[in-house]
Amino acid sequence: MDDTDLQILKILQKKARVPNVEVARKIGMAPSAVLERIKKLEAQGVIEGYEVRLNPNMFHGSMIAFIQIKVAFPNQLIKIGEKLSKIEQIQEVHFLAGEDCLMVKLRVSDNCELETILRTRIASLDIVKETKTFIALSTFKESAKIMLPKTLE
């Protein structure tokens, strides 16, 4: 990966649907060369995929909750992490250092949906020892962008 690749990645992170011709124009390369570099970055696993960001309010997902999940058997963390990952409303599952627990982020429509998921899909797992829920009142920043270096040295 070189500085040209970084330029391409920065452009794609801002707008993944930008045409290769526009990327090429911005960095002063031929469109075919840009396409070749993008395909190489995809093959190397640098670019994992492309997603569309939807407005959650349009799809009954305006409530964000973070749930800390303590497990009864720490050796089962991978197993429960995989189970939680299958719950559609859960967007993220993280293993936290220090307390042998997981933190999940989910989007739901309201308190009723949150309660249902907590009761029937999370707390009902026999590995779950305890949960602690935090509801976000507002969001100032939410992004999946990765901070890229200005140049490679």
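Let me start with helices α1 and α3 in this predicted model. Their axes come within 11 Å and cross at roughly 85°. Angles of 65 to 115 degrees count as roughly perpendicular, and α1 and α3 are therefore roughly perpendicular to each other. On the α1 side, the contact is made by Thr 4, Asp 5, Ile 8, Leu 9 and Leu 12. On the α3 side, Val 34, Arg 37, Ile 38 and Leu 41 take part. By class, the residues of this contact are six nonpolar, one polar and two charged.

Staying with α1, this helix covers residues 3–14, twelve residues in total. At 1.5 Å a residue the helix should span 16 Å, and the end C-alpha atoms are 17 Å apart, so the two values agree. Which residues of α1 are buried? They are Asp 5, Leu 6, Ile 8, Leu 9, Ile 11 and Leu 12. These buried residues pack against α2 and α3.

Asp 5 is worth a word. Its relative accessible area is 9%, so Asp 5 is buried. Not counting residues up to four places away in sequence, Asp 5 touches Arg 37 and Leu 41. Both of those partners belong to the α3 side of the contact just described.

Next, α2 and α3. Helix α2 runs over residues 20–27 and helix α3 over residues 31–43. Their axes come within 8 Å and cross at roughly 105°, which makes α2 roughly perpendicular to α3. From α2, the contact uses Asn 20, Val 21, Val 23, Ala 24 and Ile 27; from α3, it uses Pro 31, Val 34, Leu 35 and Ile 38. This contact divides into eight nonpolar residues, one polar and no charged. Val 34 and Ile 38 of α3 appear here and also in the contact with α1.

After α3 comes a loop leading to β1, and His 60 is in that loop. Phi of His 60 is near 55°, a positive value in a residue other than glycine. For context, most residues other than glycine have a negative phi. Is His 60 buried or exposed? With 63% relative accessibility, His 60 counts as exposed.

Now strand β1, residues 63–71. Gln 68 lies in this strand, and at 14% relative accessibility Gln 68 counts as buried. Leaving aside neighbours within four places in sequence, the contacts of Gln 68 are Glu 99, Cys 101, Leu 102, Met 103, Glu 130, Thr 131, Lys 132 and Phe 134.

Helix α4 is residues 77–85, and the buried residues there are Leu 77, Ile 80, Gly 81 and Leu 84. Looking down the axis of α4, those residues fall within an arc of 105°, so they line one face of the helix. What do the buried residues of α4 pack against? The partners are β1, β2 (90–96), β3 (101–108), α5 (111–122) and β4 (128–135).

I will finish with Ile 135, in strand β4. At 41% relative accessibility, Ile 135 counts as partly exposed. The C-alpha atoms of Ile 135 and Phe 66 are separated by 6.4 Å, with the two residues 69 apart along the chain. Not counting residues up to four places away in sequence, Ile 135 touches Met 63, Ile 64, Ala 65, Asn 111 and Leu 114.

Definitions and conventions. Residues numbered from 1 in each chain as written. Predicted model: local features only at pLDDT ≥ 70, side-chain atom pairs only at ≥ 80, totals over all residues. Heavy atoms only, no water. Axes fitted to C-alpha atoms, helices over the stretch in contact; angles between N-to-C directions. Helix = DSSP H or I, 4+ residues; strand = E, 2+ residues; numbered from the N terminus. Parallel < 35°, antiparallel > 145°, perpendicular 65-115°, else oblique. Contact = heavy atoms within 4.5 Å. Nonpolar A, V, L, I, M, F, W, Y, C, P; charged D, E, K, R; others polar. Buried < 20%, exposed > 50% of the residue type's maximum accessible area, 1.4 Å probe, protein only. Arc of directions from axis to C-beta. Expected span 1.5 Å × (residues − 1).
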